[in-house]
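Hi,

Here is the structure I promised to pass on. Have a look at it first, and my notes on the sheet and the cavity follow below.

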Amino acid sequence: MAKKTKLKIIPLGGLGEVGKNLTVFEYGNDIVLLDCGMAFPDEEMLGIDLVIPDFAYLVKNKDKVRAIVLTHGHEDHIGAIPYLLKEINVPVYGTNLTLGLVQNKLKEHNLLSSTKLIRVNPGGSFKVGVFTFEYIRSNHSIADAVAVAIHTPLGVVVHTGDFKIDATPIEGEMIDLTRIGELGKKGILALMSDSTNAERPGFTRSERTVGIKFDDVFRSAKQRIIVATFASNVHRVQQIINAAHKTNRKVAVSGRSMLNVMEVAINLGHLKVPEGLLIDIDMVKKYRPNQIVIITTGSQGEAMSALYRMAFSDHRKVEIVKGDLVVISANPIPGNEKNVGTVVNELMKKGADIIRDDIHVSGHACQEELKMMLAIAKPRYFIPVHGEYSFLKTHADLARMLGMDKKDIFIMENGNVLEIGADDARMSGTVPSGMTLIDGLGVGDVGNIVLRDRKHLAEDGLIVVVVTISSSTGQVIAGPDIISRGFVYVREAEDLMENIRTVAREALDQCQKNHLRDWTSLKGALKTKISERLFQETKRKPMILPVIMEVE
């Protein structure tokens, strides 16, 4: 009897973590990828610029990969696309704004001319291999976001993407729950739903409530206003522009990513700016403070962002002065609280007034919206996605509250394989997954060992031991010389340095007595003896780097 083909769902990013979302849908000889995002490094990843998913499984099966399908244009959903396209050149499907933002990335990587970008409007559908994808209008903190219905030979899988239920969105209509309900009545095989706010009760407030707050702040403010928000939140930027227009203020923009996103959004009609409202940042000084609004990046306290540079007097065009009103229209992403606090402190030291409470709403659904999505979709199987394990678990508990059987709910980890057949679904092993670290132009050449060494150097410093020996006799001709970097200041620790030299000479003498002349033995002896002595003397363990030179 022929073996029946099963649908495989394999998350390679975005589960049990924040960012780098990537999900594999595989049936027979067809693989389609949903999103392909990046994450920013944590404080342990010294020197790392970006974190992207491990593409090993996709490269191994590159002949099966048919396309990348995108839900929206946030970095954690599109940021890794250029790196994947360098390995596997496939078409990329997305909505208007999403592909507009992808184009900018492809230009930077010289991939635009070699990549096929296919625009699909919400409500549209397209076929890729055995799959038919249907874009369903959604609401999120970026324009042109969609949920996706994936019509497979075994049934329909609905992936919500990042979503909220906003009855009064800034642009367009609310999420198309009617279409999801229609699919639910016919039978949804599996629902994959955003879990980012699964631990928050109630409903997420409408984006329009932020606009009302902006109107109040702008009307009452008599000073210059600087608003920091996410560059990608076009709806938020639109409301800032609306409030500025109502109060007869000109708008200047600072921050490369903000300028790029606004340019794309204006060109595509997603951002409507009254003529003459926008001015160049160089023109700000020609207006009175109460005539100006500056929109900037840096709401997360990112080092080198425009707001950060303003706070530390390092911005070439904007200087914070006493009385400036700085509005931070974003909540700190977990882990960024300290960075945001540092920037706020510096702004306050310069005399700026700060508003950062009740001037932001989330782009993700809270518990009541998540329950509504489950009730409308009525899926056979449920897979919570996006976010840390506790978010996924809480979302799974919500599904059980609504009557779903525990055996039909799958809390997955990156690399897990979920196989769905005609009659059942089960976890069936794993594929390679994890993260690839980007350092400058290097992709994946920095791994755990290099990070461990960087951390060791950062925390404990470095001792270099330089010795010159005779290649014929093995006798020490010069040295050992001791160089300290990040451990102690040599001029103030001469006794310790001399102690290390003595230990190094004794170690080399012992090697010569034991007729050990190979470099591995000599370096090992130096490392062991010096490390032991330094720990006795200082209770510290710097990295020991022996350098041995041979001369005739």
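In this predicted model, 8 strands make up an open sheet with mixed pairing, in the order 7-6-5-3-2-1-19-20. Strands (E, at least two residues) and helices (H or I, at least four) are DSSP runs numbered from the N terminus, and two strands pair if DSSP finds at least two bridges between them. Strand 7 (117-119) and strand 20 (425-430) are at the edges with a single partner strand each, so one side of each has no neighbour in the sheet. From one strand to the next, the twist averages 25°; axes are lines fitted to C-alpha atoms, for helices over the stretch in contact (heavy atoms within 4.5 Å), and angles run from 0 to 180 degrees between N-to-C directions.

Strand 1 (residues 7-13) runs antiparallel to strand 19 (residues 416-420), joined by 3 bridges. K8 has E419 in strand 19 as its bridge partner.

Now the cavity. On a 1 Å grid over the protein atoms alone, a cavity is a set of points where a 1.4 Å probe fits but cannot get out; points are joined across faces, edges and corners, and the volume is the space filled by probe spheres set on them. The count is 1 cavity of 30 Å³ or more, and the largest holds about 40 Å³. Its lining residues (an atom within 4 Å of a point) are P11, G13, L15, N21, T23, V385 and H386.

Residues are numbered from 1 along each chain as its sequence is written. Local features need pLDDT of at least 70, side-chain atom pairs count only at pLDDT 80 or more, totals for chains, interfaces and linings use all residues, and side-chain values use heavy atoms, without hydrogens and water.

Best wishes

Methods: On a 1 Å grid over the protein atoms alone, a cavity is a set of points where a 1.4 Å probe fits but cannot get out, and a pocket is an open set with protein on both sides within 12 Å along at least five of seven lines; lining residues have an atom within 4 Å of a point.
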